[in-house]
Structure formats: structure tokens, C-alpha cells
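Colleague: I'd like a close look at one part of this model: the charged side chains and what surrounds them. Take your time and walk me through it as you would at the bench.

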Amino acid sequence: MSIQLNTLPTSVGTNDVGLSIGNRITTAFHHVVGKIQEAVKLRRSLREIEGLTDRELSDIGLAHDEIHRLRRGDVFVPLGWTEKDVKREALPF
């Protein structure tokens, strides 16, 4: 009588990219945590901007009525800026 061992191929439990299910869950978890951290940073930045005085806002070329546009994520050029002053990629938020 011979004993035959049936083993599973090494690809069992992995997706097409070769990550195990546990690695996929870990990757997804880190992605969600990263998005939450980005949202917290954005809220903190907007809260700091809302706390600035009119003088401080005018120094950076913003007005209080433009803060709601920042919060919505509108793409706009603040009234105190010109296109050559700053690029959107240079903004801290």
C-alpha cells in the first residue's frame, strides 16, 4: 500500500498579484487609515485657516468668504492671487 500525500499548490489563498488574503487585508487597512489621516490633516488645516484674522488672511491672499470654497475643494484662484503667484500643487492642503 502506498501513501500518497495531496498538497495544495503554493498559489492557494493568493490573488493574481501574489498577495495572500492577509496581506490584501493589511494593505486595504493601511489604505483606509492613510485616507483618514489625510482627512484629519485637511480638517486641521481648514480649522487653522478659519481661525486667522482678516489681516492674516489678506497676507496669504484669501478672504473669509473664500474659506467655504476651500472646504468644498473647489478649484479657484483666490481674489488676492494671480496665476503666476502660486500653483495649486504648491498649496499645503
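Modeller: Buried residues make up 12% of the 93 residues in the chain, and keep in mind that this is a predicted model. The chain exposes about 8,000 Å², with carbon and sulfur atoms supplying 56% of that area. As for the fold, there are three helices and zero strands, so the order from the N terminus reads α-α-α. Take the contacts between residues at least 6 apart in sequence: 10% of these join residues at least 24 apart.

Now for the charges, starting with helix H1, which covers residues 21–50. On the surface you'll find a patch of positive charge where Lys41, Arg43, Arg44 and Arg47 gather. Look at arginine 47, which sits in helix H1. Arginine 47 counts as exposed because its relative accessibility is 53%, and the cut-off for exposed is over 50%.

Have a look at what else helix H1 shows around those charges. Leucine 42 belongs to helix H1 too, but it is only partly exposed, at a relative accessible area of 36%. That leucine also gives you a link to a later part of the chain: its C-alpha is 8.7 Å from that of arginine 71, although the two residues are 29 apart along the chain. Valine 40 is another helix H1 residue, and with a relative accessible area of 39% it is partly exposed as well. Together with Val32 and Ile36, Val40 makes a nonpolar surface patch of about 250 Å².

Next comes helix H2, residues 54–59. The structure holds one salt bridge, and here it is: the side chains of arginine 55 and aspartate 59 meet at 4.0 Å, N to O. Both partners lie in helix H2, four residues apart, or about one turn of the helix. Is this pair buried or exposed? Arginine 55 is exposed, because its relative accessible area is 60%, and aspartate 59 is exposed too, because its value is 55%. Residues with a salt bridge are left out of patches, so arginine 55 can't be counted in one.

Aspartate 54 also sits in helix H2, and it is exposed, with a relative accessible area of 56%. Its C-alpha is 7.3 Å from that of histidine 64, which is ten residues away in sequence.

I've kept glutamate 66 for the end. You'll find it in the loop between helix H2 and helix H3, the latter being residues 67–72. Glutamate 66 is buried yet has no salt bridge. Which side chain of opposite charge is nearest to glutamate 66? That is arginine 69, at 5.2 Å. A salt bridge has to be within 4 Å, so arginine 69 doesn't make one with glutamate 66. What does glutamate 66 touch, leaving aside residues up to four places away in sequence? The contacts are Gly61, Phe76, Pro78 and Leu79.

So put two spots side by side when you go back to the structure: the salt bridge of arginine 55 and aspartate 59 in helix H2, and glutamate 66, buried in its loop without a salt bridge.

Definitions and conventions:
Residues numbered from 1 in each chain as written. Predicted model: local features only at pLDDT ≥ 70, side-chain atom pairs only at ≥ 80, totals over all residues. Heavy atoms only, no water. Patch = residues over 30% accessible without salt bridge, like charges linked within 9 Å, V, L, I, M, F, W, Y side chains within 5 Å. Areas by Shrake-Rupley, 256 points an atom, 1.4 Å probe, with all protein chains shown as cover. Lys, Arg positive; Asp, Glu negative; His and termini not counted. Charge placed at Lys NZ, Arg CZ, Asp CG, Glu CD. Buried < 20%, exposed > 50% of the residue type's maximum accessible area, 1.4 Å probe, protein only. Contact = heavy atoms within 4.5 Å.
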